[in-house]
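Please open the structure in your viewer and keep the selection tool at hand. The tour proceeds by selection, from the whole chain to single residues.

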Amino acid sequence: KIVDRIDDDKDGYITTEELKTWIKRVQKRYIYENVAKVWKDYDLNKDDKIAWEEYKQATYGYYLENPEEFQDATDQHSFKKMLPRDERRFKAADLDGDLAATREEFTAFLHPEEFEHMKNIVVLETLEDIDKNEDGFVDQDEYIADMFANEEGGPEPDWVITEREQFSDFRDLNKDGKMDKDEIQHWILPQDYDHALAEARHLVYESDIDKDQKLTKEEVLDNWNMFVGSQATNYGEDLTRNHDEL
């Protein structure tokens, strides 16, 4: 049934373009369903908007009213850090500046990586997470520490050495030994990379037995496990849905 839906022009074949369009649709549906699922938890006065105060109350209300219960320094630190960070992100998503998010604005708040006007926030939050010495840049050691903690103090594994080379060759574009915001954006939100297209090409390449650059239903079903592990079926979850929910 899913194969029939992907085959947009109903010619019996699935092209890379049709697969790409479908994957983008699945991604979008997942995001909007995710927002719908949590909406009622935050829209406390049921006015079909989520005010910053409503979100703050639902998320941080207990902490704000009972700070003495959060004596643990780590808890304290994470709440103190997350609250202003959420507020900054909320205000960036709130395009009309009324401090109340519509569904579209709240979607941008929860999934900023999907929205052009939120890219600066995604970059800034990534920088703040990795930049441990708070100099406004990510150096090579900070970049590595984000993915590997060398607790034993022994030699670094080969993949870490490869990542260090990646940093020097591809991340640090101006070769000053660190990544600035533009270089971070190039790393995490590359302009010339389309995730859905890459996934579609991979699926076609792996499943296209007769190498005619398109898939028949048989080719897809013969390689079903590849599709179950892919965004094309929302990692298998869509196989449990009713046909009209897709």
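The stops below begin with the overall fold, continue with two annotated spans and end at two individual residues.

**Whole chain**

Begin with the complete chain, bearing in mind that this is a predicted model. In a cartoon representation, the secondary structure amounts to 12 helices and 4 strands. The chain is more spread out than a compact globule, because its radius of gyration of 22 Å is well over the 18 Å given by the globule rule for 246 residues. If the C-alpha trace is aligned to its principal axes, it spans about 65 × 55 × 35 Å.

Next, add a surface. About 14900 Å² is accessible, and carbon and sulfur atoms account for 51% of that area. Colouring by burial marks 36% of the 246 residues as buried. For contacts between residues at least 6 apart in sequence, 54% join residues at least 24 apart.

Then select the charged side chains. There are 32 positive and 65 negative side chains, and the centres of the two sets lie 4 Å apart.

**The annotated spans**

Select residues 1-29 and then residues 30-65; an unreviewed UniProt entry lists both under "domain: EF-hand". In residues 1-29, 66% of the span is helix and 0% is strand, with 18 Å between the end C-alpha atoms. In residues 30-65, helix makes up 75% and strand 6%, and the end C-alpha atoms lie 34 Å apart.

**Asp43**

Centre the view on Asp43, in the loop that runs between α2 (16-42) and β1 (50-51). Is Asp43 buried or exposed? Its relative accessible area is 4%, which is under the 20% cut-off, so Asp43 counts as buried. Show the residues around Asp43: leaving aside neighbours within four places in sequence, Asp48, Lys49, Ile50 and Glu54 are in contact with Asp43. Now add Ala101 to the selection. Asp43 and Ala101 are separated by 58 residues in sequence, and their C-alpha atoms are 9.7 Å apart in space.

**Ser230**

Finally, move to Ser230, located in the segment after α12 (224-228). Ser230 is buried, its relative accessible area being 1%. Which residues are in contact with Ser230, leaving aside its neighbours within four places in sequence? Display Glu199, Leu203, Tyr235 and Gly236, which are in contact with Ser230 on that basis.

Technical notes. Residues are numbered from 1 along each chain as its sequence is written. This is a predicted model: local features need pLDDT of at least 70, side-chain atom pairs count only at pLDDT 80 or more; totals for chains, interfaces and linings use all residues. Side-chain values use heavy atoms; hydrogens and water are left out. Helices (H or I, at least four residues) and strands (E, at least two) are DSSP runs, numbered from the N terminus. The radius of gyration is taken over C-alpha atoms; the globule rule is 2.2 Å times the number of residues to the power 0.38. Buried means under 20% relative accessible area, exposed over 50%, partly exposed in between (1.4 Å probe, protein chains only). Contact means heavy atoms within 4.5 Å. Accessible areas come from the Shrake-Rupley method with a 1.4 Å probe; for residues, only the protein chains shown count as cover. Lys and Arg count as positive and Asp and Glu as negative; His and the chain ends are not counted. The place of a charge is taken as NZ of Lys, CZ of Arg, CG of Asp or CD of Glu. UniProt positions are given in the numbering used here, feature names are shortened, and annotations may be inferred rather than shown by experiment.
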